[in-house]
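Colleague: I'm new to this one. Could you walk me through how the helices pack and what sits around the ligand?

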Amino acid sequence: MNDLDQLLADAQADFQAATTPADLENAKARYLGKAGRLTELLKGLAALPHEAKKTRGAQINAAKQQVEAALQARRQALADAELEAQLQAESLDVTLPGRQRGTGGLHPVSRTMERIEAIFGSMGFEVADGPEIETDWYSFTALNNPENHPARSMQDTFYVDLKDAEGRWLNLRPHTSPMQVRHARAHAARYAGVDPMPEIRVIAPGRTYRVDSDATHSPMFHQCEGLWIGENVSFKDLKSVFLDFFRRFFETEALQLRFRPSFFPFTEPSAEVDIAFDSGPLKGRWLEVAGSGQVHPNVVRNFGLDPERHIGFAFGMGPDRLTMLRYGVNDLRLFFDGDLRFLSQFR
Ligand code: PHE
């Protein structure tokens, strides 16, 4: 093998050994660069006699072309390999199963809320929605629950680091009863001078807050408050509304209702409402489902109405508890943990 054949073989081996474009450029410099082996050989021509210079020059140029061709081939091979690797890395496996979009569903408590709204709606009740952050007056004082009254501890709630116009801390409403007041005041203002005033029949479903947490109490829970005010509304109407509601809610006529005397600042007289099923797993057990009572004259006054003329009842029930009873769930916290294994059962 002559020196040029050897040089070509060396160049091919070096180019082959280069695995990156940068390596390859370094290898190229060793042959074709300013101080490269071929360049040195060409410089050496100057010392040769005329004839020898011609033949040797042609040989070196031929070798140079071969080195350049080998370099070009290796460049192409490295570029091809890189493209191939990239394609491999980004390849799509069209045989993989597609990513499916899961079907969602309503939260069980939302289902209960919708049921409550539909049933009361059919009995002529409007639905009122209002703020969850309330002033002291709407959450307590307007409801005949004065500052420092011990009954406030029944509805101990959370406070917001902001004060209202009267300098009292804003609170997270401990019940939806403030909506009674908001709705009734708006109603009274709207029908001022209309005689007789159309009845107030409204429910206020929504989120409520209390300092409470165990298997049957959560710091955030739901309430549905109801209010019916007219000139001739009595406990008899309350009882028929409740009986009708609970029978339709639980889809059974085999259900008893009882009022148990109780205390709420905003109603007088007041009663807890219990129901009992005539059959099923809960048969014969009295279950507390609501608080209720005739709206206290002070509260009617705060509605902007005359308690000598406008009377009626209010009630508050817990949609979370109704959901537990309806579906046989025994831990309230399951509703708020967000565990899909639990929630998907209600789809
Ligand atoms: N707001 C009361 C509570 O949260 C429930 C209630 C409402 C009782 C209306 C009577 C009348 O305890």
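Modeller: Sure, one term to begin with: a crossing is left-handed if the near helix is turned anticlockwise from the far one by less than a right angle, and right-handed if clockwise. Keep in mind that this is a predicted model.

Colleague: Which hand does the crossing of α1 and α3 have?
Modeller: Helix α3 covers residues 37-44, and its axis comes within 11 Å of the α1 axis. The two cross at roughly 160°, so α1 is roughly antiparallel to α3. As for the hand, the crossing of α1 and α3 is left-handed.

Colleague: Which residues of α3 make that contact with α1?
Modeller: On the α1 side you'll find Leu4, Leu7 and Asp10. By class, the contact of α1 with α3 has 4 nonpolar, no polar and 2 charged residues. The α3 side supplies Arg37, Leu38 and Leu41.

Colleague: And α1 with α2: are they roughly parallel or antiparallel?
Modeller: Helix α1 spans residues 3-17 and α2 spans residues 21-32, with axes 9 Å apart. Their packing angle is about 165°, and angles over 145 count as roughly antiparallel. The crossing is right-handed. So α1 and α2 are roughly antiparallel.

Colleague: Over at the ligand, which residue has a polar side-chain atom 2.6 Å from an oxygen atom of the ligand?
Modeller: There are 15 residues around the ligand, and His175, Ser177, Arg210, Gln223 and Glu225 come nearest. Ser177 has a polar side-chain atom 2.9 Å from a ligand nitrogen atom, while a side-chain N or O atom of Gln223 is 2.7 Å from a ligand oxygen atom. The residue you're after is Arg210.

Technical notes:
Residues are numbered from 1 along each chain as its sequence is written. This is a predicted model: local features need pLDDT of at least 70, side-chain atom pairs count only at pLDDT 80 or more; totals for chains, interfaces and linings use all residues. Side-chain values use heavy atoms; hydrogens and water are left out. Axes are lines fitted to C-alpha atoms, for helices over the stretch in contact, and angles run from 0 to 180 degrees between N-to-C directions. Helices (H or I, at least four residues) and strands (E, at least two) are DSSP runs, numbered from the N terminus. Angles under 35 degrees count as roughly parallel, over 145 as roughly antiparallel, 65 to 115 as roughly perpendicular and the rest as oblique. A residue is near a molecule or strand if one of its heavy atoms lies within 4 Å of it. A polar contact is a pair of N or O atoms within 3.5 Å; within protein, one must be able to donate a hydrogen and the other to accept it, and residues adjacent in sequence count only if both atoms are side-chain atoms. Contact means heavy atoms within 4.5 Å. Ala, Val, Leu, Ile, Met, Phe, Trp, Tyr, Cys and Pro count as nonpolar, Asp, Glu, Lys and Arg as charged, and the others, Gly among them, as polar.
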